Amino acid sequence: MKIHEFQAKELLAKAGVAVPRGIVAKTPEEAQAAYGQLGTAVAVVKSQIHAGGRGKGRFKEQPEQPGVVLVKSAADAAAHASRMLGNTLVTIQTGEEGKKVQTLLVEQGLKIARELYAACVVDREVAGPVIIVSSEGGMDIEEVAAHHPEKILTEAFDPVYGLEGYQARKLAFALGLEGNALKNAEKFFRQLSKFFLDNDCSMAEINPLVVTEEGELLALDAKVTFDDNALFRHQNVLAYRDLAEEEPSEIEAQKWGLSYVKLDGNLGCLVNGAGLAMSTMDLIKLHGGEPANFLDVGGGANVDQVTEAFRIILADKNVKGILVNIFGGIMKCDTIVTALLTAYDKIGIQVPLVVRLEGTNVELARKMLAESGKKITTGLDLTDAAKKAVASIA
């Protein structure tokens, strides 16, 4: 689950992680008042959407208006807010459709000496949490990794004991910090890692992490995502969920216990098992197709879930065909085919449908498909099914 920057900073501040003073504004008048309340000569007005690249982004309705802007007066704050609120911000991460801005964060200006990068993530190679830091703050970490990998430092830490003091100091020294900045960095890194663990985050990224002229370290920007599987024990975090920022089809899928992610392709996928779903998407790409979604119905899907899965897939106007890939382990193949045929009748599927089945009762299931009288193509194996599915919409 993603949250907005202002929400992330609220949680970080409660956890003892230093953040700039900021005020949320939902109208131009509130933005104007916020500037006065902050009491700094310079303030920053920041669009709040679930996407990065806001500073370089522009609004569809106001092409000259950036998504993040410096202001030097209350009138400037109000004027920029009026051009931002209610309009559609397009960034490198939103795609051409953009996202509508409903909320702004007005934040104090700072005397910045350096910009750094810090993030906590789960590293599969070390099978645990790591903290990543870099001297190249304000840049996309992917760009730094590609062109200056030596400037990225990674430190694994124990999920029980957290980041130790010596580890935090090691990172601070490597970044060339001294004096107050060195002392504050040790506290910042340890508090950030503790926040990451305590809240079951999947990522807590601070970019840039700024060092002020006085040696303070503050999270100038914050991007935090949480492990959905752990939200049941974080009701305070769940309250921050903004459904307006999420894909409606993904919200609907969650209601039915389906794992669904919308993509940009035109070949729908209905699969049981996350790993099998990923393999299916890979094979579609390998044979020249573009998957329209990731959809895992799970090992115990019933007729209603399969029917809803088809509805969600077909609600995407880009979908020109569907590939069903089922391995009957926990669920028998004939049970899946019964659900599939029932869903077919309920929805009236009009696009090419290719089905690959393997596992328990597979011969019975294939016979049921063959005798159904419906326009369903079967695949002998996954490769054959992927080729047929791609060819059916070519």
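**Reading a predicted model, feature by feature**

Analyst: Let's start with Gly329, which is partly exposed at a relative accessible area of 39%. Keep in mind that the model is predicted.

User: OK, how do I get from 39% to a label for Gly329?

Analyst: The label depends on two cut-offs: under 20% is buried, over 50% is exposed, and partly exposed is what lies in between. Gly329, at 39%, is therefore partly exposed. As for where it sits, Gly329 is in the loop between β17 (321-328) and α11 (333-347).

User: Met331 lies in a loop between β17 and α11 too. Is Met331 buried or exposed?

Analyst: Buried, since its relative accessible area is 10%. Being in a loop doesn't settle the label, so check each residue: Met331 is buried, while Gly329 is partly exposed.

User: What does Met331 touch, once residues up to four places away in sequence are left out?

Analyst: Gly299, Gly300, Ala301 and Ile336.

User: Which residues carry the "binding site" feature in UniProt?

Analyst: The record, an unreviewed entry, puts that feature at Asn272, Gly329, Ile330 and Met331. With an annotation like this, look at both sequence and space. These residues are spread over 60 residues of sequence, yet they cluster in space, with 10.1 Å as the largest C-alpha distance.

User: How about a wider view: which domains make up the chain?

Analyst: Domain 1 covers 21-108, domain 2 covers 112-239 and domain 3 covers 248-392. For spacing, take the C-alpha centres: those of domain 1 and domain 3 are 43 Å apart.

User: Where does Leu243 lie?

Analyst: In the loop between α7 (235-238) and α8 (248-255). Leu243 is partly exposed, given a relative accessible area of 45%. You can also set sequence distance beside spatial distance: Leu243 and Ile141 are 102 residues apart along the chain and 28 Å apart in space, C-alpha to C-alpha.

User: Next, disulfides. How many does a search of the whole structure find?

Analyst: Zero. Cys120 is in no disulfide, and its nearest cysteine sulfur, in Cys201, is 8.5 Å away.

User: Why is there no bond from Cys201 to Cys120?

Analyst: Go by the sulfur-sulfur distance. The cut-off is 2.5 Å, and the Cys201 sulfur is 8.5 Å from its closest partner in Cys120, so that is too far for a bond. Cys120 counts as buried because its relative accessibility is 0%. Cys201 is buried as well, at 6%.

User: How many aromatic pairs does the structure hold?

Analyst: One. To read a ring pair, look at the distance between centres and the angle between planes. For Phe188 and Phe189, the centres are 6.4 Å apart and the planes make 85 degrees, so the arrangement is edge-to-face. Both Phe188 and Phe189 are buried.

User: Last one, Glu155. Which strand does Glu155 lie in, and is it buried or exposed?

Analyst: Glu155 is in strand β10 (residues 152-156). It counts as buried because its relative accessible area is 10%. For a buried charged side chain, a handy habit is to check for polar partners.

User: And which side chain makes a polar contact with the side chain of Glu155?

Analyst: That of Gln167, at 3.1 Å. Gln167 also turns up among the contacts of Glu155 beyond four places in sequence, together with Val130, Ile131, Leu163, Lys170 and Leu171.

Technical notes. Residues are numbered from 1 along each chain as its sequence is written. This is a predicted model: local features need pLDDT of at least 70, side-chain atom pairs count only at pLDDT 80 or more; totals for chains, interfaces and linings use all residues. Side-chain values use heavy atoms; hydrogens and water are left out. Domain bounds come from an automatic or database domain assignment. Buried means under 20% relative accessible area, exposed over 50%, partly exposed in between (1.4 Å probe, protein chains only). Rings of Phe, Tyr and Trp (its six-membered ring) pair if their centres lie within 6.5 Å; planes under 30 degrees apart count as stacked, over 60 as edge-to-face and the rest as tilted. Helices (H or I, at least four residues) and strands (E, at least two) are DSSP runs, numbered from the N terminus. A polar contact is a pair of N or O atoms within 3.5 Å; within protein, one must be able to donate a hydrogen and the other to accept it, and residues adjacent in sequence count only if both atoms are side-chain atoms. Contact means heavy atoms within 4.5 Å. UniProt positions are given in the numbering used here, feature names are shortened, and annotations may be inferred rather than shown by experiment.
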